[in-house]
Amino acid sequence: MPCPSCSAENFIAFGKYGFFSTTDSMYMEPTTRARQVPLRPQSPAALEGLAQRLHSRALADGHPDIARKLTYVFGNAQCAECDGIFSVEEAIVARWG
């Protein structure tokens, strides 16, 4: 995702490698020294609209792990280059929406 402040390309990781943003595409390598900035999940109570419906559905269907990951998708990231804060959802929509 490009940072809206500085345009640096940030990779957003969810899951196996953690929940973070980085500007190093090799973040999956165990020897990387890439700066990894933790993502800021949205509080489930603050989710609205589609985000709230998806979260509730995941819980109702017995998938709390997916529900938890959705809080990161609808949360915020911090640019690993300039420290600017941006919405993960808005960055996804801007790139692929």
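Reader: What radius of gyration does the protein have, and what would a compact globule with 97 residues have?

Author: This is a predicted model. A compact globule with 97 residues would have a radius of gyration near 13 Å, and the protein has 14 Å, which agrees. Along its principal axes, the C-alpha trace spans about 40 × 30 × 20 Å.

Reader: In what order do the elements of the protein run from the N terminus on?

Author: The order is β-β-β-α-α-β-β-α, with three helices and five strands in the protein.

Reader: How should one read the buried side of a helix, and which residues of α2 are buried?

Author: An α-helix has 3.6 residues a turn, so residues three or four places apart point the same way. In helix α2, residues 64-73, the buried residues are Ala67, Leu70, Thr71 and Tyr72. These buried residues pack against α1 and against α3 (88-96).

Reader: Is glutamate 48 buried or exposed?

Author: Residues over 50% relative accessible area count as exposed. Glutamate 48 has 65% and is therefore exposed. Its place is in the loop between β3 (37-38) and α1 (49-60). The C-alpha atoms of glutamate 48 and phenylalanine 74 are separated by 9.7 Å, with the two residues 26 apart along the chain.

Reader: What share of the residues counts as buried, and what supplies the exposed area?

Author: Of the 97 residues, 36% count as buried. The protein exposes about 6,000 Å², of which carbon and sulfur atoms supply 52%. Its side chains include 9 positive and 10 negative ones, and the centres of the two sets lie 5 Å apart.

Definitions and conventions. Residues numbered from 1 in each chain as written. Predicted model: local features only at pLDDT ≥ 70, side-chain atom pairs only at ≥ 80, totals over all residues. Heavy atoms only, no water. Helix = DSSP H or I, 4+ residues; strand = E, 2+ residues; numbered from the N terminus. Buried < 20%, exposed > 50% of the residue type's maximum accessible area, 1.4 Å probe, protein only. Contact = heavy atoms within 4.5 Å. Rg over C-alpha atoms; globule rule 2.2 N^0.38 Å. Areas by Shrake-Rupley, 256 points an atom, 1.4 Å probe, with all protein chains shown as cover. Lys, Arg positive; Asp, Glu negative; His and termini not counted. Charge placed at Lys NZ, Arg CZ, Asp CG, Glu CD.
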